[in-house]
Amino acid sequence: MQPGSMFYLLSGLVIMGDLVAALFFAKFWKRSGDGLFAVFAAAFLLLAVGQLLLATTDVPVEERSWIYLIRLAAFVLIIIGVFQKNRKG
């Protein structure tokens, strides 16, 4: 089953939102030098890449699990960044 044009529109909006968030956090990382902002920027960039792959590849639904591993990596990156931030104080 091919996704409709609404899927592509919403995927584009999600990708754009993720990229804007990544740029937002990258800007604050550059200003403050806080590594947590860099972690969030990288995580949102990974989320954008995952959504881009989901929207542009014609992988059947049953075989998309490798794409969701990119999202998992983004969330694991955020968890690691928060733990490191709290451990340093």
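**Charges, burial and helices in a three-helix model**

Tutor: The chain carries 8 positive and 5 negative side chains (Lys and Arg count as positive, Asp and Glu as negative, His and the chain ends not at all), and the centres of the two sets lie 20 Å apart, each charge being placed at NZ of Lys, CZ of Arg, CG of Asp or CD of Glu. This is a predicted model, in which local features need pLDDT of at least 70 and side-chain atom pairs count only at pLDDT 80 or more, while totals for chains, interfaces and linings use all residues. Residues are numbered from 1 along each chain as its sequence is written, and side-chain values use heavy atoms, with hydrogens and water left out.

Student: What makes the contact between K85 and D34 a salt bridge?

Tutor: The term requires a side-chain nitrogen of Lys or Arg within 4 Å of a carboxyl oxygen of Asp or Glu; the N to O distance for K85 and D34 is 2.9 Å, so the pair meets the definition. A search of the whole structure finds 1 salt bridge. K85 lies in helix α3 and D34 in the loop between α1 (5–32) and α2, so the pair ties together parts that are 51 residues apart in sequence.

Student: Why are K85 and D34 called partly exposed?

Tutor: Buried means under 20% relative accessible area and exposed over 50%, with partly exposed in between (1.4 Å probe, protein chains only). The value for K85 is 33% and that for D34 is 22%, so both belong to the class in between.

Student: How do you know that R64 has no salt bridge?

Tutor: The nearest side chain of opposite charge, D58, is 7.2 Å away, although R64 is buried. R64 is found in the loop between α2 (35–56) and α3 (65–88), and, not counting residues up to four places away in sequence, R64 touches L54 and V59, where contact means heavy atoms within 4.5 Å.

Student: How do you know that the span of α2 agrees with the expected one?

Tutor: The expected span is 1.5 Å times one less than the number of residues; for the 22 residues of α2 this gives 32 Å, and the end C-alpha atoms are 32 Å apart, so the two agree. Among the buried residues of α2 are V39, L47 and L54.

Student: What makes the order of elements α-α-α?

Tutor: Helices (H or I, at least four residues) and strands (E, at least two) are DSSP runs, numbered from the N terminus, and the chain has 3 helices and 0 strands.
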